[in-house]
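Hi,

Here is the structure I promised to send over. Have a look when you get a moment, and my notes are underneath.

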Amino acid sequence: MPPTKVEGPRSNRPNSAVYRARRAAQGQPEPDDRRSPIDGQARARRHSNVVVAQGTAASTSNSPPQSATGSPANHVEHEDTAVSPDRSASALRLVGKIFQKYHVATSRQAREIDAIPSLDSPEDGSASVQSELVPVADLIGISLPPREVVDALLDSYRDSVQWYIGVLHEPFLRERLLPIVETGLASPRQRPVLLLALIVLAIGARFISDEAREQRCPGFPLAEVASNMVAAAERWYLPSMDFITVDIVAYSYLLATYYLWNRQTRAAFITTGTTIRAAQFIGLNQETQWGNISAVEKEARRRVWWSVFIGAGFISMSWGTPPMLSEADCNVRQPVDIEEDAAEPCPGFGSLEKREDGEFRPVTIGSYNRYKAEMYKIAITIMRQIYFTKHRGGPEELCRLISGLHQRLLAWERSIPPELRLESHTSIGSEDNRDAYLRRVFAIQALTLRVSYDNVQIFLFRPLIHIGGVPRSHACTRESSPSLVARAGLDQNNAPSSFIEIAQQQAWTSATRTSLVAQRPDLLRLFEFGFPAIHVGVHAFSAGVMLGLLALLGPLSARGQESKRGIARIIQIPKTTKLRSHVWSQMTDVLTDLMHVIAVEETKALIADPAGLDCRGIPTKPDLFGEPPDHYSVTAGPSQRSRSSETEASTTEMDEGCSNESDVHGQLAAQFNNLQSSMAEPGSDQPNAPFSVNLLCDPDLTGWQYGYPWWPYAQLTFPIPNATTNHLYPNRDMAKPGSIGVVRPNADTLYTTLFFDLSTADLVLTVPKIPENRYWVFPFSNPYGDNLVNIGSMTNQTAGDYLIRYDPINYGVVETPNSPFIGVIYIPSAYGVSMLRVRALSSDADVAEARKIQAGFKLRERRRHSRAIAPPLDLGMFRDEEFSIEKHSMYEVALRLTAKLAPFNLPYIVGDRAWVTKTLRNAGINGGRFTIPEGTNLTTAAAAANNSVQALLNTPGILLNLGNGWTMRSPQAIGKYGSFYSMRYFLASRGYLALTSEQVLYPSYTADIVLKAGQSALVEFPSRPKILPGGFWSLTAYDAQGYLVENSMNRYSLGDGANLTYPDGQLLADGDMGAFQILLQGSNTAPPLNWTSNAWGRVCVDYLEVVWS
């Protein structure tokens, strides 16, 4: 097939709304105007999109004029005579509203208004207009490819770009485009959608896979056609600005994105600016002005606007220019998932996203762009307030702004679901199926979201980091005010230099973390030369420059040495991943030159001071995509000790990295006892938190609520005689009535308990080889019950050795392929607890097999060449008289344990450490001891705390209603609680050591089920529960205390491991064949005659729970 040719445009004068309205009013067909785009551009100024008639405002549609209430404007609604204030700053718009409101039908002659400035309302280009159909080439100067090629290119765009740049509602475009492709004809009104299609098809052609090209476009010259389509899109760009519609804005945005990808950065900058103004011109930023449009059209406009908003933030940060938009421009709701592809979740996860309407819905592919848009709201505010606003309050105001914005970033980061966290995607498969594709998409989204977030952090603190030290304009000329010191948690005698150190440390952490994407070549190779490669490259360059700046500030410092390593990692990325984007090749050249500059300065500094090289301390290892280090809590300085960021070190190097922790023991206690108030004061404006709970400071939190989990931790040790830390205690028997340890235990699981202590040594956990279809999980929780880390079958960990080590600010699993370990597990508390779970079926043979697996787990201590980070934990202390509930109330015992142990187990949310410390002090905890505050009645205080929690449970969003009396706690309210300490307290009292939703879902039936003699209850499932490979489900009955119900049959639960059948006798294992039932009754009650003996159980319950793992 010959290539599609680019022809000179024939109908080139944009068809303005005023022209259409006038011709339609005169009953004349629209002419086939055949001027050049240059001629059309020159004449465009004579044709605006506004029509004003004497006595009325003409509409651009064929519908009758509308009144302010939306009814035909044939009379005046005197009860509502106010003119809508929306966008009435335009005088022409305002007078049009007046004419429309006070319609006089004596004159209908329309006037063309093209010299008075005004705005248009957005058009989608899909309205049905009776006009002449002409060949597509007459409208845009080029014919479209055949249908089969268009389908292939649209699919390529959808699979390669749509999930990353959500500017389109792709099915809406396809629906409008394909009829045009079939006939080759279109109306002039459809020119916008054709221009949008040109750039979409051109991008699809650039990214189509070789396999798809050969199978779906054999012999078709895609490269040549793509170039022709881009040329046609460029030819029409300026003329298109005179008939702006939603499609034109999307077309302009994608053209700017294409320019950025194609090394035309200046054109990208100008085109993006034009796109922003075009979007504002038609009111895309004002959803209330869109009128009565379909849900699909509304969704398309939302996607276009938020893409433009994100692009505005990216351009402002990348080019260092004032942002053209602000948060105030965001009068548009976030997009929703209305097409099938965008609504797909990540396989293996089940997190929920809190939407704008307050409802919790599954995290999907579309969630990425919603979270990114929220982040760019903060980024644009940073650029506007920090970079392009004069701070009349001097350095105090600057520091206040930075600290407030930093807290907003931290709160945003805490809202990120596991699906969009890089550490959740430790490995990606190469399978060719939909699930594998989705996992790869989410992994790339997680990586790009992480580097974008770190780039925003760098930009936030960069104004405080100048070559040569503290910038003169930001240095205080007088003693810092106490208010700033209190808010920033700074040393009164060292402000603002301490704040400068804070800025340097945060910028270093974020930049170094970005450099660590080099450890994920598997992900980077997935987008060799795609749009993510550009964005990650731009952010990596920003990180490299920041690392270079920090290295120059201290060439001989430990941070300077680590900064150079970070730059080197970035330089190596295109070499190890074969990234083909030009931004990577160019930035590596620049960063290499920067390394030479650093080397020269380092040589000069070393000659000047041979003893100045700091070989002792290594800056804090940057955390995973989780909580950034919050150094507001303590003055940063040389006394702070930390560890190496090189997780892929050898065994010896890992030991040496730990040798710098000699002062951590004292540092932790000092932090706990000397923290000042956090930068965000209680009661200050903070971003919305889940369930309306202030993430930064819960004013209702009590010391009793915070410290209570130490009591169930202590209780867990009591059944084990002479229990010690760092020892595995396997329970070789399945859970039975009265079994204690885990509240509401699974009756089909073997448990192994571990109380780990990282105060003096690291630990090495050996995982045996486990069959793929066997569910197992080794969770790691802090003593408060926060399930911080999981390794197991659902997270695809393999057999081998795992190093477990303490990290004061980080948690997660990091793969270490070049070390003796499969990975390193970081825990941010000195002490913790694990409860290994191995699934076992009811048969003796399967239980025996599960016991072999259970016995295969081994644990050993590994010597660390450093002083203790905390006192070794003696589990026998929980039996001391000081902590006996026979001598003291349970409330006092919990607070005593908190005073004794909390200094070495700080909140894992680093930003909470300051205000939690203050809360505990107010509760009487100080210096490792608890003293009941004067006038305090602990029983009364605990009762008040319980009442506040009960009220909290009624907050919308805490419990998800599943129907028929079944509920489930929101994933944010179970397993891992963040700053939600009240909920952590409640769960510790009812389900200590609950796992996160990535591992287990806990649907519960909480109404009382009381079965009298001869009575039964029937639980009906509408279909067989859906589980992931290796997972399982079970229905378990518990008594009021949360333990299994004793019965003579020794049957406590039923699930997929039982031989359940459908009513017709077919096994559930054979497939999903509809509804089935489980019978609950006493074991001494005979089942119905038609009931199979393997499908019923006995129960007398107050609580019924289904577990999906």
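Below is what turned up when I went through it. Keep in mind that this is a predicted model.

Let me begin with the inside. Helix H31 covers residues 981-991, and 9 of its 11 residues are buried, so the rest of the structure largely encloses it. The buried ones are Tyr 981, Ser 982, Met 983, Arg 984, Tyr 985, Phe 986, Leu 987 and Ala 988, plus Gly 991. What lies over them? The cover for the buried residues of H31 includes four helices, H25 (703-707), H26 (710-717), H29 (913-922) and H30 (938-953), along with strand S21 (966-969). Just past the end of H31, have a look at Leu 993, which has a positive phi of about 70 degrees.

Now for the surface, where two patches caught my eye. One is nonpolar: Leu 94, Ile 98 and Tyr 102 together make about 240 Å² of it. Ile 98 sits in helix H3 (residues 91-101). Is Ile 98 buried or exposed? Neither quite fits, because its relative accessible area is 35%, which makes it partly exposed.

The other patch carries negative charge, and it brings together Asp 874, Asp 880, Glu 881 and Glu 882. Glu 881 belongs to the loop that runs between strand S17 (858-863) and helix H28 (890-901). With a relative accessibility of 56%, Glu 881 counts as exposed, whereas Ile 98 in the nonpolar patch is partly exposed.

Happy to go through any of this with you.

Cheers

Key. Residues numbered from 1 in each chain as written. Predicted model: local features only at pLDDT ≥ 70, side-chain atom pairs only at ≥ 80, totals over all residues. Heavy atoms only, no water. Patch = residues over 30% accessible without salt bridge, like charges linked within 9 Å, V, L, I, M, F, W, Y side chains within 5 Å. Areas by Shrake-Rupley, 256 points an atom, 1.4 Å probe, with all protein chains shown as cover. Salt bridge = Lys/Arg side-chain N within 4 Å of Asp/Glu carboxyl O. Helix = DSSP H or I, 4+ residues; strand = E, 2+ residues; numbered from the N terminus. Buried < 20%, exposed > 50% of the residue type's maximum accessible area, 1.4 Å probe, protein only. Contact = heavy atoms within 4.5 Å. Lys, Arg positive; Asp, Glu negative; His and termini not counted. Charge placed at Lys NZ, Arg CZ, Asp CG, Glu CD.
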